[in-house]
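Trainee: I should like to learn how to read the packing in a two-chain model. Could we take the features one at a time?

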Amino acid sequence: MEFTALFLGLAAVLLVAYFGRRRLALVLFAVTFIASVAIYLHHATDRLQLSF
Amino acid sequence: MTLNALGLYAIALVLAAAFAAQVLLGELPCPLCLMQRIQYAMLAAGPVLNIRFGPRPSHYAVSLLSAVAGASFAMRQILLHILPGDAGYGSALLGYHYYSWAFIGFAVAIVLIAIMLLFDGQFIGADSDEPAAIGWFGRGAVWLVIALVALNIVSTLLECGFGVCPDNPVNYHLLKLSP
């Protein structure tokens with residue numbers, strides 16, 4: 001569900017930017033971007049099997 | 001503005017190619033794959049703002065942040081499957097998996113944005129928040145990306161339903177449950 005929500009947020013950013021609300025688009029982008037990074041960090045828990 | 005529209009068409013091409021692999025090859029996107037798609041789509045925010053309000057450093061910064069995040073997500077997926085003997089996730093295109101191509105694409109985006117930022121003249125007089133008129137080429141590019149994002153909304157909802165997306169998706173969750 002969180003990925004659907006991110007795509008919805010992104011659609012909102014693009015529509016708001018297109019229909020002419022620049023500052024609101026930037027604020028929505030910031031919220032969506034921070035949420036995407038947070039969701040990535042939440043999911044990226046598998047330990048990388050690397051040896052250097 | 002033409003370059004920004006071309007950038008949007010390039011982003012649309014990437015998103016469409018991902019959909020082609022999903023629909024034609026039956027390869028549903030994993031959570032990391034979805035994150036990379038999201039960052040590719042977020043790359044479009046900068047060009048859309050440039051087309052609408054004129055070029056600004058902040059618009060390029062928006063796309064740059066998305067490209068850096070997307071490259072990080074793609075790199076993680078590369079490193080998850082980099083050990084010898086690991087078959088990787090999904091099929092390969094010209095010898096590289098899709099997440100490897102995604103990383104290359106994000107790296108190219110970072111370089112192109114840096115090149116665009118070299119030209120200071122484009123920012124002269126850029127201080128109005130009033131939207132500018134958009135020609136058909138730019139309008140088509142914006143709506144194509146928005147349409148692909150809308151398709152991704154539907155596709156992701158069908159795949160994951162209202163719960164957590166599976167790590168290795170093999171079917172569309174909501175369609176599986178429908179009679």
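Trainee: Which residues have the most contacts inside the largest nonpolar core?

Mentor: The model is a predicted one. Its largest nonpolar core holds 59 residues, and those with the most contacts inside it are Leu14(A), Ala41(B), Ala44(B), Ala45(B) and Val145(B). At least two core residues come from each of these helices: α1 (2-18) and α2 (22-43) of chain A, and α1 (2-25), α2 (31-43), α3 (45-53), α4 (57-80), α5 (98-116) and α6 (136-160) of chain B.

Trainee: What does Ala44(B) touch, leaving aside residues up to four places away in sequence?

Mentor: With those left out, Ala44(B) touches Leu14(A) as well as Leu8(B), Ile11(B) and Val145(B).

Trainee: Let us turn to the contact of the two chains. How many residues does each chain bring to it?

Mentor: One general remark comes before the case. Interface size is often expressed as the accessible area that is lost when the parts come together. Here the description is by residues: chain A brings 29 to the contact and chain B brings 36. On the side of chain B that touches chain A, α2, α3, α4 and α6 of chain B each supply at least two residues. The largest share of that side, 10 residues, belongs to α6(B). By class, the side of chain B that touches chain A consists of 29 nonpolar, four polar and three charged residues.

Trainee: How should a pair of packed helices be described, in general?

Mentor: The description of two packed helices rests on the angle between their axes and the distance between those axes. Take α1(A) and α2(B): their axes come within 10 Å and cross at roughly 5°. With that angle, α1(A) is roughly parallel to α2(B).

Trainee: Which residues meet where α1(A) packs on α2(B)?

Mentor: From α1(A), Phe3(A), Leu6(A), Phe7(A) and Leu10(A) take part, and they meet Pro31(B), Leu34(B), Ile38(B), Ala41(B) and Met42(B) of α2(B). This contact of α1(A) with α2(B) has nine nonpolar residues, with no polar and no charged ones. Ala41(B) is also among the residues with the most contacts inside the largest nonpolar core.

Trainee: At what angle do α1(A) and α3(B) pack, and how far apart are their axes?

Mentor: The angle between α1(A) and α3(B) is about 10°, and their axes are 9 Å apart. Angles under 35 degrees count as roughly parallel, and α1(A) and α3(B) are therefore roughly parallel to each other. The residues in contact are Val13(A), Leu14(A), Ala17(A) and Tyr18(A) of α1(A), with Ala45(B), Val48(B), Leu49(B) and Arg52(B) of α3(B). By class, the contact of α1(A) with α3(B) has seven nonpolar, no polar and one charged residues.

Trainee: Are α1(B) and α3(B) roughly parallel or roughly antiparallel to each other?

Mentor: The axes of α1(B) and α3(B) cross at roughly 150° and come within 9 Å. Angles over 145 degrees count as roughly antiparallel, so α1(B) and α3(B) are roughly antiparallel to each other. Their crossing is left-handed. In this contact, Asn4(B), Ala5(B), Gly7(B) and Leu8(B) of α1(B) meet Pro47(B), Asn50(B) and Ile51(B) of α3(B). The contact of α1(B) with α3(B) has four nonpolar, three polar and no charged residues.

Trainee: What does the make-up of each chain look like in outline?

Mentor: Chain A has two helices and zero strands, and 37% of its 52 residues count as buried. Chain B has seven helices and two strands, which run α-α-α-α-β-β-α-α-α from the N terminus on. Of the 179 residues in chain B, 40% are buried. The C-alpha trace of chain B spans about 55 × 45 × 25 Å along its principal axes.

Trainee: How should I read a positive phi, and where is Leu94(B) placed?

Mentor: A negative phi is found in most residues other than glycine. Leu94(B) has a phi near 55°, a positive value in a residue other than glycine. Leu94(B) lies in the loop between β1 (92-93) and β2 (96-97) of chain B.

Trainee: Why does Leu94(B) count as exposed?

Mentor: A residue is exposed if 12 or fewer other C-beta atoms lie within 10 Å of its own. Leu94(B) is exposed because 5 other C-beta atoms are within 10 Å.

Terms used: Residues are numbered from 1 along each chain as its sequence is written. Chains are lettered from A and ligands numbered from 1 in the order in which they are written. This is a predicted model: local features need pLDDT of at least 70, side-chain atom pairs count only at pLDDT 80 or more; totals for chains, interfaces and linings use all residues. A nonpolar core is a set of buried Ala, Val, Leu, Ile, Met, Phe, Trp, Tyr and Cys residues joined through C-beta atoms within 7 Å. A residue is buried if 20 or more other C-beta atoms lie within 10 Å of its own, exposed if 12 or fewer, and partly exposed in between; C-beta atoms are placed from the backbone. Helices (H or I, at least four residues) and strands (E, at least two) are DSSP runs, numbered from the N terminus. Two residues are in contact if their C-beta atoms, placed from the backbone, lie within 7 Å. Ala, Val, Leu, Ile, Met, Phe, Trp, Tyr, Cys and Pro count as nonpolar, Asp, Glu, Lys and Arg as charged, and the others, Gly among them, as polar. Axes are lines fitted to C-alpha atoms, for helices over the stretch in contact, and angles run from 0 to 180 degrees between N-to-C directions. Angles under 35 degrees count as roughly parallel, over 145 as roughly antiparallel, 65 to 115 as roughly perpendicular and the rest as oblique. A crossing is left-handed if the near helix is turned anticlockwise from the far one by less than a right angle, and right-handed if clockwise.
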